[in-house]
Amino acid sequence: LSPGSVAFKTHIIGGHEAAPHSRPYMVSLQKAGTHFCGGVLVHPRWVLTAAHCVVQPTQQLRLVLGLHKLRDPGLTFRVKAAVLHPKYKPAPKLDNDLALLQLDSKVSRSRTVRPLALPRGRQAVATGARCSVAGWGLTQQSGQLAGALRELDMHVLDARMCNNSRFWKGSITHNLICLEAKPKDQAPCKGDSGGPVVCNKGRVAGILSFSSRACTDIFKPPVATAVAPYMSWIRKIIGRWSAPPQT
């Protein structure tokens, strides 16, 4: 998106360990048994993630659900279909950074696995809204992946401030959400990409997309793709490829 930006590959700097299975919608995207991105279960057959997380060929990709610690066995699925947003643009112009991944079989709801609700309408997330992110990414800039799921409280920054010349220099569109944690030395980072931003009433508001190369740079706050503006596309894909979900 700019010379100082980088697509996440996955981690939470700061924050704290989540209560086990308190986020049963979290998905670990893995290749060769190694976690590299997050995702969110939004339907018994579908995971929403960042398009830049979708590796090719998708036969190499595994989606692991029901995890707290990465070494837990979890439930492992293959990808039956990967649908990137038709207007997705890869870095450096990273835009429309969303993808839907269809599981090779249907998930049964349980204490450890459950979809997260999608937004009801197209309304943007309000400036100042309290949100949270979670992931198994690195816990420090050059460290190892988190052993257990970590979470971090954040709030939505004003888009105009995020777009000024000291920050993202006009790159933040109405389809993006700028985020900030307090204290400012905490942030999602490499490895948390594709994971959900959960705001207000426990619905997925965004999907983590990019940040600065130094993940805690206060002038390059982390950015997520807002989900609400893409709801017609999400519903069309899920409706076209799936039978209606059981209630």
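This section describes the overall fold content and the salt bridges of a predicted model.

The protein chain contains two helices and 16 strands. Of its 247 residues, 55% are buried. The exposed surface of the chain comes to about 11,300 Å². Carbon and sulfur atoms supply 51% of that area. Among contacts with a separation of 6 or more, 74% join residues 24 or more positions apart.

Two salt bridges were found in a search of the whole structure. One of them pairs the side chains of Glu-151 and Arg-23, at 2.8 Å from N to O. This pair links distant parts of the chain, with the two positions 128 residues apart in sequence numbering. Glu-151 lies in strand S11, which spans residues 150-156. Arg-23 sits in the loop between strand S3 (16-17) and strand S4 (26-31). The side chains of Glu-151 and Arg-23 also register as a polar contact, again at 2.8 Å. Glu-151 has a relative accessible area of 14% and therefore counts as buried, the cut-off being under 20%. Arg-23 is likewise buried, because its relative accessible area is 11%.

The side chains of Asp-158 and Arg-160 form a salt bridge as well, at 3.6 Å from N to O. Asp-158 has a relative accessible area of 25%, so this residue is classed as partly exposed. Arg-160 reaches 68% relative accessibility and therefore counts as exposed. Burial thus separates the two pairs: Glu-151 is buried and Arg-23 is buried, whereas Asp-158 is partly exposed and Arg-160 is exposed.

Notes. Residues numbered from 1 in each chain as written. Predicted model: local features only at pLDDT ≥ 70, side-chain atom pairs only at ≥ 80, totals over all residues. Heavy atoms only, no water. Helix = DSSP H or I, 4+ residues; strand = E, 2+ residues; numbered from the N terminus. Polar contact = N/O pair within 3.5 Å; in protein donor to acceptor, adjacent residues only side chain to side chain. Buried < 20%, exposed > 50% of the residue type's maximum accessible area, 1.4 Å probe, protein only. Contact = heavy atoms within 4.5 Å. Areas by Shrake-Rupley, 256 points an atom, 1.4 Å probe, with all protein chains shown as cover. Salt bridge = Lys/Arg side-chain N within 4 Å of Asp/Glu carboxyl O.
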